[in-house]
Amino acid sequence: GLGKSETIKWWTFRNDCIYVRANQGMTTRWLLSDIAEELNIESYWHIDETFNEVEKALIQSRKIIIIDEIDYLIDKKSIETLRDLHDRTGCPMVLVGMANVNIKLARYPHLMDRVYKKYEFQKYTSEDIKQILEELTEIPFTTDGLEYLSTRENQFRQIVKLINKIEKKAKTNQITLLDESTLRRLLNERQNITALQTAKQVLVG
């Protein structure tokens with residue numbers, strides 16, 4: 001919800017890394033096959049064969065390996081396979097997980113000893129949300145409009161959904177500038193913003 005996967009995918013693209021997203025039920029063979037695919041090499045039925053080929057390719061490429069949703073692998077032998085790959089190739093490895101991933105990984109002290117740095121994604125500040133809004137939409141917001149929206153949502157996916165909703169309603173009602181008052185009315189689905197604006201004009205007139 002805090003944009004971890006979106007951020008890591010963006011960073012992967014910019015830095016030519018190996019990116020693998022772990023899944024529920026992922027086996028060691030599956031994991032190694034996905035890494036092999038990222039390296040554009042063949043995978044085999046026997047795990048040892050695939051591991052050896054992956055090891056050779058990593059030693060040559062020296063690429064960073066990023067494993068997203070690492071939580072799915074912690075209780076399995078796969079986590080040890082990743083440690084072996086790191087030790088035998090020297091390739092840096094980034095493990096991305098949920099909020100309590102540190103507690104889960106603490107059960108593997110020999111793995112935690114190899115962790116160079118931990119980074120925790122925090123909730124968005126109002127300034128973060130303002131920046132997201134300014135980057136993702138071309139509709140101009142007033143200062144009070146941005147302030148208001150920064151209090152509405154704090155998860156990236158929800159912010160994107162909110163922006164899409166606002167853009168559709170703004171386009172339908174031909175709104176070109178969004179202030180707090182307009183946004184409050186726009187997001188109140190029981191009322192029609194055009195009717196409210198018309199009423200306001202009549203009162204002003």
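The accessible surface of this protein chain comes to about 13,100 Å². Carbon and sulfur atoms hold 49% of that surface. Before I go on: this is a predicted model, and the values I quote are computed from it.

Staying with the whole chain for a moment, there are 205 residues, and 36% of them are buried. Next, contacts. Taking the contacts with a separation of 6 or more, 65% are between residues 24 or more positions apart.

Now the secondary structure. The chain has eleven helices and three strands. Along the sequence, the pattern reads α-β-α-α-β-α-β-α-α-α-α-α-α-α.

On to the sheet. How are the three strands ordered? The order is β1-β2-β3, in an open sheet with parallel pairing. At the edges are β1, residues 18–21, and β3, residues 93–95, each of which pairs on one side only. Neighbouring strands of the sheet are turned against each other by 15° on average, with direction ignored.

What packs on this sheet? Helix α1, residues 4–15, does, and α1 touches β1, β2 and β3. The direction of α1 makes about 160° with that of β2.

As a reminder, strands of a sheet pair through backbone hydrogen bonds, either parallel or antiparallel. Here, β1 and β2 run parallel, and four bridges join them. Strand β2 covers residues 65–68. Which residue of β2 is the bridge partner of isoleucine 18? The partner is another isoleucine, at position 65.

To recap the sheet: three strands in parallel pairing, with helix α1 packed on it. That is what I have on this model.

Methods
Residues are numbered from 1 along each chain as its sequence is written. This is a predicted model: local features need pLDDT of at least 70, side-chain atom pairs count only at pLDDT 80 or more; totals for chains, interfaces and linings use all residues. Side-chain values use heavy atoms; hydrogens and water are left out. Two strands pair if DSSP finds at least two bridges between them. Helices (H or I, at least four residues) and strands (E, at least two) are DSSP runs, numbered from the N terminus. Axes are lines fitted to C-alpha atoms, for helices over the stretch in contact, and angles run from 0 to 180 degrees between N-to-C directions. Contact means heavy atoms within 4.5 Å. Buried means under 20% relative accessible area, exposed over 50%, partly exposed in between (1.4 Å probe, protein chains only). Accessible areas come from the Shrake-Rupley method with a 1.4 Å probe; for residues, only the protein chains shown count as cover.
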